Amino acid sequence: MQQHLSSVEVDADSVIRAITPALDASRHKGQAGKIAVIGGCREYTGAPYFAAISALKIGADLSHVFCTKDAAPVIKSYSPELIVHPILEESYSVREEDKKIISGKVLAEVDKWMERFDCLVIGPGLGRDPFLLDCVSEIMRHARQSNVPIVIDGDGLFLVTNNLDLVSGYALAVLTPNVNEYKRLVQKVLSSEVDDVDGTQQLVSLSKQIGGVTVLKKGKSDLISDGATVKSVSIYGSLRRCGGQGDILSGSVAVFLSWARQAASDPNSNLSSKNPTVLGCIAGSAILRKAASLAFSNKKRSTVTGDIIECLGKSVEDVCPAC
Ligand SMILES: NC(=O)C1=CN([C@@H]2O[C@H](COP(=O)(O)OP(=O)(O)OC[C@H]3O[C@@H](n4cnc5c(N)ncnc54)[C@H](OP(=O)(O)O)[C@@H]3O)[C@@H](O)[C@H]2O)[C@@H](O)CC1
Ligand SMILES: Nc1ncnc2c1ncn2[C@@H]1O[C@H](COP(=O)(O)OP(=O)(O)OP(=O)(O)O)[C@@H](O)[C@H]1O
Ligand SMILES: [Mg+2]
């Protein structure tokens, strides 16, 4: 009989404690993380907001959003905490002959900031406009050249699934597919259907086939693989499946991934042999689930994504007290 590969449930609290930086009076603004979300268009303004504000609520210092011109005032009005750049354009607002100039301008705007970012989150509420996605492909290429980690979610996964070279072999890329997004990835990369019997082995194959990119497959348990191992996070979350929880997750993974890289660079740390993208996924998933559980215990059926975001701080504090 064929042996099935099983995932290992991780001690997520230990990971969170190992990578979360201590709050220290000598640290300056920015050291706890500068995150940028590339997303937000005419239809979706909630998703990029959820991802960006979650990064701040977990403990990042600065959170930017690069979105379309018409999404920007809406996102700004949700929160003064976010730095919002109204730079992306959709096809409907661009003449064919202006596309080259405009995409050059978009790229120049993002490039001004690129090297300062600790992580990009690409895709929450991005939409699927072809011109916009072409610009975002260029942004991804530049992020990769600058060694900036990227978390790819939502419509970013639509883009990447159809252009695997954008991430293939990039060790600092994380894909966070939901059930649908995973199905499309498996079909494209492995030319097969999702294996419900030996899903763990299939996840490893998927990650390997994209050159060791870390994949966080969302579901009842979140499964994380970089092609070498499979870790599982099954901490109880909530019974509510309101939209936006994946967006929280993407912002959360971005912060913890940045912290994991920072922690591993300390010569006294024993994290240097661990993959920071995997550590970031473990911590991000666990904190979202803990926050969802706290929110659900208060709000039950009326729990919405904003309630979960309000519990992110406590879910970090319970594991890693600030002082
Ligand atoms: N407030 C906002 O601005 C938000 C904006 N968002 C943004 O929307 C964009 C598109 O992302 P997405 O997630 O809606 O697209 P996709 O994955 O194709 O799902 C579409 C449909 O698939 C189904 N379905 C889903 N899960 C399933 C499951 N487990 N098992 C079975 N079926 C399942 C379900 O369809 P139904 O049940 O109606 O048939 C679902 O409605 C993207 O940019 C994202 O960031 C969101 O982040 C939410 C908050
Ligand atoms: N069946 C489930 N049981 C428990 N938790 C789940 C389940 N499905 C998803 N989750 C939790 O919700 C989080 C978001 O997963 P989900 O599949 O809703 O993402 P999504 O569809 O991308 O969300 P979004 O609406 O933000 O786009 C996961 O990380 C996981 O913690
Ligand atoms: Mg999603």
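**Entry 1: strands S7 and S8**

I looked up how strand S7 (residues 173-175) meets strand S8 (residues 214-217), and found a parallel pairing over two bridges. This is a predicted model, in which local features need pLDDT of at least 70, side-chain atom pairs count only at pLDDT 80 or more, and totals for chains, interfaces and linings use all residues. Residues are numbered from 1 along each chain as its sequence is written, while chains are lettered from A and ligands numbered from 1 in the order in which they are written.

I note the terms here. Two strands pair if DSSP finds at least two bridges between them. Helices (H or I, at least four residues) and strands (E, at least two) are DSSP runs, numbered from the N terminus.

I then took the partners one by one. Leucine 175 has valine 215 of S8 as its bridge partner, and valine 174 stands opposite threonine 214 in S8.

**Entry 2: S8 and its other neighbour**

I followed S8 to strand S9 (residues 222-225): three bridges join these two strands, which run antiparallel. The connection from S8 to S9 is a hairpin through four residues. Opposite valine 215 I found serine 225 in S9. Valine 215 thus turns up twice in my notes, as it is also the bridge partner of leucine 175.

Are the faces of S8 buried or exposed? Both are covered, with Thr214 and Leu216 buried on one side and Val215 and Lys217 buried on the other. For this I used a count of other C-beta atoms within 10 Å of a residue's own, with C-beta atoms placed from the backbone: 20 or more is buried, 12 or fewer is exposed, and in between is partly exposed.

**Entry 3: the whole sheet**

I wrote down the strand order of the open sheet, which has ten strands: S1-S10-S9-S8-S7-S6-S5-S2-S3-S4, with mixed pairing. Which strands stand at the edges? They are strand S1 (8-9) and strand S4 (83-88); each has a single partner strand, so one side of each is left without a neighbour in the sheet. Strands of a sheet pair through backbone hydrogen bonds, either parallel or antiparallel.

**Entry 4: ligand 1**

I listed the surroundings of ligand 1, counting a residue as near if its C-beta atom, placed from the backbone, lies within 6 Å. There are 16 residues around ligand 1, and Gly46, Ala47, Gly154, Val179 and Gly243 come nearest. Helix H2 (46-58), helix H6 (154-162), helix H7 (179-190) and H9 each supply at least two residues of this shell. H7 gives the most, with three residues.

I sorted the shell by residue type: five are nonpolar, eight polar and three charged. In this sorting, Ala, Val, Leu, Ile, Met, Phe, Trp, Tyr, Cys and Pro count as nonpolar, Asp, Glu, Lys and Arg as charged, and the others, Gly among them, as polar.

**Entry 5: ligand 2**

I did the same for ligand 2, which 17 residues surround; the closest are Asn178, Lys218, Gly243, Gln245 and Gly246. Helix H9 (245-264) and helix H10 (276-299) are the elements that give two or more residues to the shell. The largest share, four residues, comes from H9. The shell around ligand 2 divides into two nonpolar, nine polar and six charged residues. Gly243 is on my nearest list for ligand 1 and among the closest for ligand 2.

**Entry 6: helices H1 and H10**

I checked how helix H1 (residues 12-19) packs on H10: the angle is about 115° and the axes are 9 Å apart. That makes H1 roughly perpendicular to H10. Axes are lines fitted to C-alpha atoms, for helices over the stretch in contact, and angles run from 0 to 180 degrees between N-to-C directions. Angles under 35 degrees count as roughly parallel, over 145 as roughly antiparallel, 65 to 115 as roughly perpendicular and the rest as oblique.

**Entry 7: loop residues**

I looked for positive phi outside glycine. Asparagine 147 has a phi of about 60° and sits in the loop between helix H5 (130-145) and strand S6 (150-152). It counts as exposed, because it has 10 C-beta neighbours inside 10 Å.

Lysine 300 has a positive phi of about 45°, in the loop between H10 and helix H11 (305-310). With 11 C-beta neighbours inside 10 Å, lysine 300 is exposed.

Last, I looked up serine 93, in the loop between S4 and helix H4 (99-114). Serine 93 is partly exposed, because 14 other C-beta atoms lie within 10 Å. Its C-alpha atom is 9.9 Å from that of lysine 69, 24 residues apart along the chain.
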